[in-house]
Amino acid sequence: MQTSSEVRRRHHPRRREAGTALLFLLPQLFGLVAFVGLPLAVSLYYSFTHWDLVAPAPTWIGLDNWAHLLDDERVPKVLWNTVKFILTGTSSFLLFSLLAALILYRPRRGVAVYRALLFLPYVLSQIAVGIVWRWMFNTEAGPIDKTFELFGFAGPEWLLDPGTAMTSIALVTTWQGLGYGMTLYIAALHGVPDALPEAAKIDGANAWQRFRHVVLPMISPTVLFLMVTSLIGALQLFDPVVAMTASGGGISAAGGPEDSTRTVVLYMYNQMFNYNERLSGLGYAAAIAWVLALLTFLLTLAQWAFSKRWVFYAGETTSKGGRR
């Protein structure tokens, strides 16, 4: 039977290892508390106050901001604009980056150049890209409309039509992020053993069946990662909208035409620096930010829960001990 001193000696190295690990984690934990935890707590406090950033200090108003948020008729509009971007921009990003990866993932002459050209827009500033594309979409002097005219067609109104403005922004964000998604997909495709599609081909599976039942399950963790991160990015859409729709009035004039491209984050920014309404200001903007954070958390949680039905992890076992 072990004595208490022997037990202490046996556990002493483990305590020292745990203390060393905690020591290395302290800087990160301090940064997490100082730059994430405290700002979250402060913003939650501000959501119960009214402050136009002009008064010396915020005024406590309780749940007025939250009640006004439920009655604000503009909130469903900006939420729907964000949903439209997700349906167009996010879905096209996931699809076209996968298609690009399927075309370029196998080594061949010049493939590295094509990959680099597709990845290059991703490293550019979203504001710079938006400004360039705003000129390209110009219906009077833009090169896209000039190309339509060469073939005898009248191009769409692009950013001037409420029906096409958000789609135009979605096309630009898809073009810019295409290389990023392609790179992750290529890495996932290289992780698929060649023997699996070959065995399926021998069994009589056609190209679509091999992709659907062999390749896609093997790259499903990457698909999930891109779905989650791109959805979060779509909910935070701001820079492209400002760059492509703001006119001489600055950021306050962005979101047109007819508020068809005003997203949740842009509306939150507008309310933060708008002092003409009874509850506009930092407090109401903080309430919108917390609603957006809650919505992002719930959607991400739903994606993770639903992923158990279609995401395959190599080597994962079922509860009965068999392979999934």
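**Entry 1. Leu-292**

I began with Leu-292, which lies in helix H12. Helices here are DSSP runs of H or I with at least four residues, strands are runs of E with at least two, and both are numbered from the N terminus. The model is a predicted one, in which local features need pLDDT of at least 70 and side-chain atom pairs count only at pLDDT 80 or more, while totals for chains, interfaces and linings use all residues. Residues are numbered from 1 along each chain as its sequence is written, and side-chain values use heavy atoms, with hydrogens and water left out.

Is Leu-292 buried or exposed? I recorded Leu-292 as buried, because its relative accessibility is 11%. Buried stands for under 20% relative accessible area, exposed for over 50%, and partly exposed for values in between, with a 1.4 Å probe and protein chains only.

I then listed the partners of Leu-292, leaving aside neighbours within four places in sequence: Leu-235, Val-264 and Val-265 are in contact with it. Contact means heavy atoms within 4.5 Å. I also took one distance from this residue: the C-alpha atoms of Leu-292 and Glu-157 are separated by 31 Å, with their positions 135 residues apart along the chain.

**Entry 2. Helix H11**

Two of those partners, Val-264 and Val-265, are among the buried residues of H11, so I turned to that helix, which spans residues 264-272. Why is H11 largely enclosed by the rest of the structure? Seven of its nine residues are buried, and therefore the helix is largely enclosed. The buried set also includes Leu-266, Tyr-267, Met-268, Asn-270 and Gln-271.

Which helices do the buried residues of H11 pack against? I noted helix H3 (74-104), helix H9 (207-235), helix H10 (239-245) and helix H12 (282-307).

**Entry 3. The loop between H10 and H11**

Next I read the loop that precedes H11. Pro-257 is found in the loop between H10 and H11, and a cis peptide bond joins Gly-256 to Pro-257, with omega about 0 degrees. Glu-258 is found in this loop as well; its phi is near 55 degrees, a positive value in a residue other than glycine. Asp-259 lies in the loop between H10 and H11 too, and its phi, near 60 degrees, is again positive in a residue other than glycine. I noted these entries because most residues other than glycine have a negative phi, and most peptide bonds are trans.

I compared the two acidic positions for accessibility. Glu-258 counts as exposed, at 67% relative accessibility. Asp-259 counts as partly exposed, at 34%.

**Entry 4. Two exposed residues on helices that pack against H11**

I looked up Ile-103, whose place is in helix H3. At 55% relative accessibility, Ile-103 counts as exposed. Ile-103 and Asn-276 are 173 residues apart in sequence and 53 Å apart in space, C-alpha to C-alpha.

I then looked up Trp-208, placed in helix H9. Trp-208 is exposed, its relative accessible area being 56%. Its C-alpha atom is separated by 27 Å from that of Thr-229, 21 residues away along the chain.

**Entry 5. Annotated regions**

I consulted the UniProt record, an unreviewed entry, which places the feature "transmembrane region" at residues 21-46, 85-105, 117-136, 169-193, 214-238 and 282-302. UniProt positions are in the numbering used here, feature names are shortened, and annotations may be inferred rather than shown by experiment.

I checked two of these regions in the model. Residues 169-193 are 88% helix and 0% strand, with the end C-alpha atoms 38 Å apart. For residues 214-238 I found 88% helix and 0% strand, with 38 Å between the end C-alpha atoms.

**Entry 6. The whole chain**

I closed with the chain as a whole. Its secondary structure comes to 12 helices and two strands, in the order α-β-β-α-α-α-α-α-α-α-α-α-α-α along the sequence. The radius of gyration is 26 Å, well over the 20 Å that the globule rule gives for 324 residues, so the chain is more spread out than a compact globule. That radius is taken over C-alpha atoms, and the globule rule is 2.2 Å times the number of residues to the power 0.38. Along the principal axes, the C-alpha atoms fill a box of roughly 80 × 65 × 35 Å.

Buried residues make up 35% of the 324 residues. Of the contacts between residues at least 6 apart in sequence, 63% join residues at least 24 apart.
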